[in-house]
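Open the model in your viewer and keep the selection panel at hand. The stops below go from one element to the next.

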Amino acid sequence: MFEDTYKTIAAPSTGSYSEKRSKFLAYAFPVQSEEQVKKHLTEIQKKHNDARHHCYAYIIGPRKDAYRANDNGEPSGTAGRPIHGQLLSKDLTNTLVIVVRYFGGIKLGVSGLQNAYKIAAREALDAATIIEKTIDETYDVVFEYLQMNAVMQLMKDPNVTIVSQQSDLNCTIRFSIRQREADRVVEALKKVASSVTVATL
């Protein structure tokens, strides 16, 4: 059986770390897209516009295929990579961590920076509630009104969530379903409905 779940955080959380008068404030956010990443970054940059660095890392997608680590002016590999490493160590996706640094006047060196960003990110993620979600697929099923009862019986499957529906001469229901259950339900629907297609989202 292939894996069709992933871990993310349920809600925003925060953490902090201090080293040689430098303060590192960490913010973790659940995100679904790079647009949401940009929105949170803009908000944190406005909130801490007097800070020297706003470093971050994120992973997006059930298969973790979109990711980035940004040092935002810190020496290469000293900020974004340790933050990204904490996301990996907790096996998270759809998660953004931003660490804001207020410079305390004393340089920390490469290893000191790496450690500080790592700990700050870990503090924020340790404070978060980690949840497991299923990887879902979304379909449109089109059917005639006379097929309503048969279709609605299949829509009662515990793995099915109705997203939207409209009734006309032809009825349409958009539904999402856990990936590993999709083939079974879609094949059953094809026997009683006019058409079942993957929804264009």
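Buried means under 20% relative accessible area, exposed means over 50%, and partly exposed is what lies in between, with a 1.4 Å probe and protein chains only. The model is predicted: local features need pLDDT of at least 70, side-chain atom pairs count only at pLDDT 80 or more, and totals for chains, interfaces and linings use all residues. Residues are numbered from 1 along each chain as its sequence is written, and side-chain values use heavy atoms, with hydrogens and water left out. Helices (H or I, at least four residues) and strands (E, at least two) are DSSP runs numbered from the N terminus.

**Stop 1: helix α1**

Select residues 34-47, which form helix α1. The expected span of a helix is 1.5 Å times one less than its number of residues. For the 14 residues of α1 this gives 20 Å, and the end C-alpha atoms are 20 Å apart, so the two agree.

Now colour V37, H40, L41 and I44, the buried residues of α1. Looking down the axis of α1, these buried residues fall within an arc of 105°, so they line one face of the helix. The arc is taken from the directions that lead from the helix axis to the C-beta atoms. E35, K38 and K46 are exposed on the other side of α1. To see what covers the buried residues, show β3 (22-30), β4 (53-60) and β6 (95-102), which are among the covering elements; contact here means heavy atoms within 4.5 Å.

**Stop 2: the five-stranded sheet**

Two strands pair if DSSP finds at least two bridges between them. Select β2, β3, β6, β4 and β5: in that order they make an open sheet of five strands with antiparallel pairing. β2 (13-19) and β5 stand at the edges with a single partner strand each, so one side of each has no neighbour in the sheet. Neighbouring strands of this sheet are turned by 15° against each other on average, direction ignored. Axes are lines fitted to C-alpha atoms, for helices over the stretch in contact, and angles run from 0 to 180 degrees between N-to-C directions.

Five bridges join β4 to β5, and the two run antiparallel. Within this pair, I59 stands opposite Y67 in β5. Add α2, which packs on the sheet and touches β4, β5 and β6; its direction makes about 35° with that of β4. Then add helix α3 (residues 109-126), which lies across β2, β3, β4 and β6 and runs at about 150° to β2.

**Stop 3: R101**

Which strand holds R101? R101 lies in β6, and at 5% relative accessibility this residue counts as buried. Draw the distance to S22: the side chains of R101 and S22 make a polar contact at 3.2 Å. A polar contact is a pair of N or O atoms within 3.5 Å; within protein, one must be able to donate a hydrogen and the other to accept it, and residues adjacent in sequence count only if both atoms are side-chain atoms. Not counting residues up to four places away in sequence, R101 touches a set of residues including K23, F24, E74 and Y117.

**Stop 4: two loop residues**

Go to K64, in the loop between β4 and β5 (66-70). Phi of K64 is near 60°, a positive value in a residue other than glycine. K64 counts as partly exposed at 28% relative accessibility.

D91 sits in the loop between α2 (80-89) and β6. Its phi is likewise positive, near 60°, in a residue other than glycine. The relative accessible area of D91 is 37%, which makes this residue partly exposed.

**Stop 5: the four-stranded sheet**

Select β9, β10, β8 and β11, which in this order form an open sheet of four strands with antiparallel pairing. The edge strands are β9 (160-166) and β11 (195-198), each of which pairs on one side only. On average, neighbouring strands of this sheet are turned by 25° against each other, direction ignored.

Nine bridges join β8 (residues 136-144) to β10 (residues 170-178), and these strands run antiparallel. In β10, F175 is the bridge partner of Y139, and I177 is that of E137. On the β9 side, V160 stands opposite I177 in β10. β9 and β10 pair in the antiparallel sense over six bridges, and a hairpin joins the two through three residues.

Finish with helix α5 (residues 179-192), which lies across β8, β9, β10 and β11 and runs at about 155° to β10.
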